[in-house]
Amino acid sequence: MAMDSSQQGATAIPLCQDQPPSELSEDSTENLPESSPTRMEDDGREEDVKENEDLSKRYLPCVKMEFKSEQEAFDFYNEYARISGFCVRRHWRTLSKIDGLLIARMFVCNKEGQKEKDKRSLVVEQPHKETRSNCLASMYVSLNRNTSKWVVKKFEENHNHVLHLPEHSHLLKSHRMVSEAQAINIDSAADIGLSLKASHDLLSAQAGGKECLGFTQEDQKNYLRTRRQRSLKFGESGALLGYFRNQAAQNPYFYYAVQLDKEDMITNIFWADHEMITDYALFGDAISFDTTFRTNKEYRPFALFAGFNHFRMTCIFGAALLYDETAESFEWLFKTFLHAISGKKPITIFTDQDAAMAKAIKSVLPNVSHGLCTFHLNQNALKHLGHLFNAESDFGKELNACIFGYEEPDELKKAWETLVQKYNLKDNTWMAKTWEIKEKWAHVYMKWSFTTGMRSTQLSESLNAKLKKCLKSDLNIVQFFTQWDTIVLEKRYEESKAIFNSREKFQRTKLKESPILIQVSQVYSHPLFDLFHNEVDASLRCGVKPCLEFGGQFNFFISKYREKVKYVVKGSVETDEFGETICRDICCSCCKFESFGILCCHALSGLHRMGVFEIPERYLLGRWRLDAKDCDLEKEKTRVDENDPKLQKAARFRIICPKMVKLATQSCEVQEVYEFVEETVEYMCAKVANILLGAEEEGCTDAKSEELEKHIDHAATTTIVHGSSLKQPPDVYIPQMVSYEDGSQSIASPSQASHNPQTLKEMSFDPTSHSSWGGNNFMDNEAFWEMLSYSGCPQKFLK
């Protein structure tokens with residue numbers, strides 16, 4: 001092959017054929033065709049596309065045309081192809097033998113050549129249709145080393161196939177591309193859980209139609225697949241710790257802990273942000289622990305700590321991904337949970353009927369009341385005694401009567417014996433084991449424990465549905481955490497709306513002259529006030545029979561109208577300095593206040609009989625008040641940073657985002673305004689990039705970086721596993737395996753050591769035999785630690 005002086009010592013590397021075509025000399029000229037390429041309409045008629053002739057001639061390549069780079073030459077030819085109606089691909093190339101630089105390139109029509117013969121032995125019944133026709137249309141460019149320009153040496157315009165219509169140019173492969181701005185929108189749509197079709201239709205509508213979007217739904221699918229593969233570059237373990245470190249960088253009070261096995265692989269994981277820890281300090285008296293969910297294809301248990309806030313809405317206290325459901329894993333998790341919440345134990349915890357879980361609770365939370373989820377109890381009954389659940393049997397109703405309907409142990413025992421005898425279940429193992437743990441599910445025993453009205457781990461059907469959606473099989477661990485963040489934010493937004501409504505709307509009082517209702521209407525949240533109002537209404541149909549009433553002490557038998565069950569109400573009253581009768585204490589045998597936290601209708605009837613018109617403050621629990629979150633958090637050993645960097649970032653976004661959207665809407669109306677805004681935005685983007693780059697080179701210059709540096713200075717850098725430390729880069733913090741001083745099983749410290757009421761000490765870790773969580777030993781991967789470094793961290797803390 002003949003070459004000029006700038007190409008001496010070069011070798012051709014054909015991609016789809018053996019040899020490149022011969023080059024033309026610089027003196028050669030190119031004869032333009034007499035007519036323009038033709039297109040075929042949908043009805044089969046051929047016509048000349050006159051409207052594109054001028055534009056096509058403008059971009060028509062010619063010999064000796066020069067370009068600054070190979071990419072610029074390709075872009076020019078690709079634009080010509082878009083106008084003309086065909087697709088371009090890079091063919092063969094030529095590299096210099098002297099320095100290995102690219103010195104020549106051939107651009108061809110995508111229909112160049114022929115499809116290779118299928119070498120598989122199997123006969124393909126429905127092969128793909130042919131797309132190549134040996135088209136010779138091409139443009140060949142080479143590098144002129146003297147001028148450093150790329151020169152067109154050969155150009156072939158004619159095609160041997162029908163060209164596409166202008167309105168179909170967006171479907172040609174070389175003209176489809178996902179821009180940076182579109183990629184951000186695609187990421188946002190995927191993060192909030194929009195389906196592929198829904199997000200593509202939304203982007204198409206914003207662009208003015210699918211033909212204006214610039215890429216197809218398949219391109220969007222491929223982009224998301226590439227993003228997922230990139231996010232899992234270091235495996236699931238690396239992605240997990242990358243997520244946790246980013247959260248810790250945004251919020252110093254974010255807590256996470258990991259448990260490693262003997263091979264330094266992650267097995268169990270727990271995490272909770274500062275709002276979850278704060279919510280637990282206020283509303284963590286009764287919690288549910290649910291492990292009925294499973295992760296994606298690995299089918300690992302997903303555990304959730306949750307409870308009720310002052311609006312009786314579900315609030316999340318923490319979450320965990322477990323390797324298995326053994327007693328050892330649950331013990332580690334409960335100890336880690338206690339450490340995250342500064343050692344404050346709940347009063348009651350509800351779980352399903354799992355023996356390993358019960359063993360762990362007895363070991364770690366010995367003084368905590370353990371209740372069984374009534375939903376799972378009924379599910380287990382259906383599983384073991386399904387033949388009794390039919391239309392002709394009342395077994396289900398009678399079983400639930402034993403769970404919820406009796407006030408005295410003797411009544412429950414008699415009813416249970418009747419149930420067993422009636423359905424011939426004396427030898428049934430499940431019934432026998434269930435009766436042995438009756439203290440965990442029967443109302444007659446559970447009414448003495450504070451439960452906030454909780455009797456099940458299924459606190460919210462909407463939350464369960466959303467969790468099942470984000471745990472579906474086609475989501476990887478990175479997508480799971482993205483969906484998880486969205487769910488948490490949605491729950492908090494619902495609470496924020498409830499707070500707004502409580503200030504915007506007044507309590508609905510039916511008995512407008514009732515002093516007690518007027519009192520509690522200014523104290524309780526709306527849902528609790530409605531429940532209390534029902535108790536006041538029920539008190540109007542209660543009959544009071546005095547048993548003892550002497551010297552301020554009273555003892556009444558109270559029953560509702562046409563009901564045989566009698567409750568004992570005891571208490572004492574006194575007269576204050578103004579002559580008003582006030583209550584010192586009161587209690588009822590139904591234990592409504594002890595279990596739920598509000599006075600029952602029986603107690604209210606007793607107060608009314610004694611002439612008391614105000615409820616003592618001690619019977620208005622702070623956890624049900626409207627201002628429950630305004631209390632002194634220091635009393636709960638909970639610290640919240642008022643200058644939370646994450647909140648500051650969100651506030652900045654709320655300010656600037658509407659302005660930019662309004663600017664974009666206005667600027668697209670007039671061309672002159674659009675050009676001005678586009679030029680200004682490009683300048684702003686370059687300026688912002690330079691500022692961020694300068695901040696990264698200079699180290700931490702803002703308050704967030706200083707806070708991060710302070711915490712990293714005090715962070716440990718080794719993890720003790722069976723007495724030997726892991727190999728890790730110096731000055732990079734990871735959670736340290738630590739234990740309480742009582743020598744209990746080791747747990748991990750918080751990400752920034754914010755909640756540390758106990759004195760901690762290092763000790764060897766003795767986990768059970770677990771397999772790898774992530775499947776690869778990421779601790780020794782230097783690229784992994786490089787990935788974990790973020791722009792806000794001082795360079796001296798990175799390897």
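In the predicted model, the side chains of D99 and R145 form a salt bridge with an N to O distance of 3.3 Å. D99 belongs to the loop between β5 (88-96) and β6 (102-109), and R145 to the loop between β7 (138-144) and β8 (149-156), so the salt bridge ties together parts that lie 46 residues apart in sequence. The relative accessible area of D99 is 41%, which places this residue in the partly exposed class. R145 is likewise partly exposed, at 33% relative accessibility. Both values fall between the limits of 20% for buried and 50% for exposed residues.

The D99 and R145 pair is one of 19 salt bridges in the structure. Another joins D201 to K197, with the closest N and O atoms 2.9 Å apart. These two residues are both located in helix α4 (residues 196-207), and because they are four residues apart, about one helical turn separates D201 from K197. D201 is partly exposed, its relative accessible area being 27%.

A salt bridge is also found between the side chains of E275 and R492, at 3.5 Å from N to O. Here the connection is between distant parts of the chain: E275 is in helix α7 (residues 274-283) and R492 is in helix α16 (residues 477-504), with the two positions 217 residues apart in the numbering. E275 has a relative accessibility of 29% and counts as partly exposed. In addition to these pairs, salt bridges link E70, R90 and R105 into a network.

Helix packing was examined for α18 and α20. Two packed helices are described by the angle between their axes and by the distance between the axes. The axes of helix α18 (residues 526-539) and helix α20 (residues 601-609) come within 8 Å and cross at roughly 60°. With this angle, α18 is oblique to α20. The crossing of the two helices is right-handed. On the α18 side, the contact is made by F532, E535, V536, A538 and S539. On the α20 side, the contributing residues are C601, L604 and S605. Classified by residue type, the contact of α18 with α20 comprises five nonpolar, two polar and one charged residues. The charged residue is E535 of α18, and the polar ones are S539 of α18 and S605 of α20. The nonpolar residues are F532, V536 and A538 of α18 together with C601 and L604 of α20.

Key:
Residues are numbered from 1 along each chain as its sequence is written. This is a predicted model: local features need pLDDT of at least 70, side-chain atom pairs count only at pLDDT 80 or more; totals for chains, interfaces and linings use all residues. Side-chain values use heavy atoms; hydrogens and water are left out. A salt bridge is a side-chain nitrogen of Lys or Arg within 4 Å of a carboxyl oxygen of Asp or Glu. Buried means under 20% relative accessible area, exposed over 50%, partly exposed in between (1.4 Å probe, protein chains only). Axes are lines fitted to C-alpha atoms, for helices over the stretch in contact, and angles run from 0 to 180 degrees between N-to-C directions. Angles under 35 degrees count as roughly parallel, over 145 as roughly antiparallel, 65 to 115 as roughly perpendicular and the rest as oblique. A crossing is left-handed if the near helix is turned anticlockwise from the far one by less than a right angle, and right-handed if clockwise. Contact means heavy atoms within 4.5 Å.
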